[in-house]
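Below are some notes for a colleague who has not seen this structure before. They start at the ligand and then turn to the chain as a whole and to some of its parts.

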Amino acid sequence: MPILSRRAVGSTVECARAGCGLRPGASIRVQLTKGQLAVTNERTIVEISGSAAIVTGGASGLGAATAKRFAELGATVFGLDVPQSIERAGDSVPAGVTLIPADVTSGDEVSAAIAKVVESGAPLRIVVNCAGVGWAGRILSKNGPHDLELFRTVITVNLLGTFNVMRLAADAIAKTDPVDEYGQRGVVINTASVAAFEGQVGQIAYSASKGGVHGMTVPAARDLAQFGIRVNTIAPGIIDTPMLAGVTEEYRKGLEAGVPFPSRLGRPDEYAQLSQYIVEHDYLNGETIRMDGALRMAPR
Ligand SMILES: NC(=O)c1ccc[n+]([C@@H]2O[C@H](COP(=O)([O-])OP(=O)(O)OC[C@H]3O[C@@H](n4cnc5c(N)ncnc54)[C@H](O)[C@@H]3O)[C@@H](O)[C@H]2O)c1
């Protein structure tokens, strides 16, 4: 890789000689990201700037942080969320992000939202599925068996909702022009959880739904390969989002102490940062990536 100075920021550097680290004829663009030099291979990358991105659950938590980051990187971002959450977000929606009311479990609502995204004119290349719910409940407790409807709801939102958005968005991405000679068109990122692997007592429904999201990753990547769409999943540990807003300081300290390193809760923008990395990394496909500070959840 050639040694580049800060003065190179914004410029395009071409391979001038064998052994320079680039394929002959390839070019790289030099970007300044939060004060660091980042070099991107212009030939094969899915460009965030100029693309349309869908982020479900975009009104809150991980989805809101991801929508903000992609908008700051120049994407036209559409956050799909339920009306109550959109109302709650109020004026806090960042520039470049449009929130569209759509329940991820509805074929009609998601289709209508994607039609609006396509109408924007920016090619849809990025989909990040963050919409999700979690309810605690044991298979059997002193109050009797787990409520069947609660189980159904968690599976419907987290698993079926993710699938629903993925299938309809993939159809729109498949209609865009490829961005490189390998036929790449876009990237889907789904959100599982460490509970997909170590569900705690009371997480039966949530773990089943997130295990399903993890399980879809490889077959989805295989199904969508012919359309040039990569599919990856992020499995976060404990992230400081509104999901944790109600917990006491003592409980929060206990959660932090359980994370080996760094011993703190994850930050929503760290999820967004990993999403960006997945989008920009052409060879990352069919993978579930844990983002958890080496946390392995105890039974309770
Ligand atoms: N925060 C964590 O510690 C953590 C850890 C692991 C996984 N996750 C997962 O990350 C995702 C985001 O979680 P978060 O912490 O940002 O939660 P959050 O509650 O802040 O955000 C979730 C968003 O999803 C939206 N949503 C719920 N049901 C929907 C539906 N049917 N249609 C459209 N939108 C819907 C909500 O309105 C909300 O805006 C979830 O899938 C969650 O399971 C979170």
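1. The ligand shell. In this predicted model, the ligand is surrounded by 29 residues, and the closest of them are G57, G61, S85, G132 and T241. By class, 14 residues of the shell are nonpolar, 13 are polar and two are charged.

2. Where the shell comes from. Three elements each give at least two residues to the shell around the ligand: helix 1 (61-72), strand 5 (76-81) and helix 4 (148-173). The largest share comes from helix 1, with three residues.

3. The chain overall. Seven helices and twelve strands make up the secondary structure of the chain. The chain has 300 residues, of which 37% count as buried. Where contacts join residues at least 6 apart in sequence, 68% of them link residues at least 24 apart.

4. The nonpolar core. In soluble globular proteins, nonpolar side chains tend to be buried together. Here the largest nonpolar core has 67 residues, and those touching the most other members are I54, F70, A75, V77, I126, A169 and V188. Helix 4 contributes the most to this core, namely nine residues.

5. V188 in detail. Which residues is V188 in contact with, leaving aside its neighbours within four places in sequence? They are V127, M166, A169, A170, I229 and V231. A169 is, like V188, listed among the core residues that touch the most other members.

6. Helix 7. This helix covers residues 268-280, 13 in number, and spans 19 Å from its first C-alpha to its last, close to the expected 18 Å. Its buried residues are P268, Y271, A272, S275, Q276, I278 and V279. Seen down the helix axis, these buried residues fall within an arc of 160°, so they line one face of helix 7. An α-helix has 3.6 residues a turn, so residues three or four places apart point the same way.

7. What helix 7 packs against. The partners of its buried residues are helix 1, strand 7 (124-129), strand 10 (186-191), strand 11 (229-236) and strand 12 (288-291). Helix 1 also supplies residues to the shell around the ligand.

8. I155. This residue belongs to helix 4. Is I155 buried or partly exposed? I155 is partly exposed, because 16 other C-beta atoms lie within 10 Å, whereas 20 or more would be needed for a residue to count as buried. Not counting residues up to four places away in sequence, I155 touches L160, A205, A208 and S209. Of these, A205 is 50 residues from I155 in sequence, yet their C-alpha atoms are 6.8 Å apart in space.

Technical notes: Residues are numbered from 1 along each chain as its sequence is written. This is a predicted model: local features need pLDDT of at least 70, side-chain atom pairs count only at pLDDT 80 or more; totals for chains, interfaces and linings use all residues. A residue is near a molecule or strand if its C-beta atom, placed from the backbone, lies within 6 Å of it. Helices (H or I, at least four residues) and strands (E, at least two) are DSSP runs, numbered from the N terminus. Ala, Val, Leu, Ile, Met, Phe, Trp, Tyr, Cys and Pro count as nonpolar, Asp, Glu, Lys and Arg as charged, and the others, Gly among them, as polar. A residue is buried if 20 or more other C-beta atoms lie within 10 Å of its own, exposed if 12 or fewer, and partly exposed in between; C-beta atoms are placed from the backbone. Two residues are in contact if their C-beta atoms, placed from the backbone, lie within 7 Å. A nonpolar core is a set of buried Ala, Val, Leu, Ile, Met, Phe, Trp, Tyr and Cys residues joined through C-beta atoms within 7 Å. The expected span of a helix is 1.5 Å times one less than its number of residues. The arc is that of the directions from the helix axis to the C-beta atoms.
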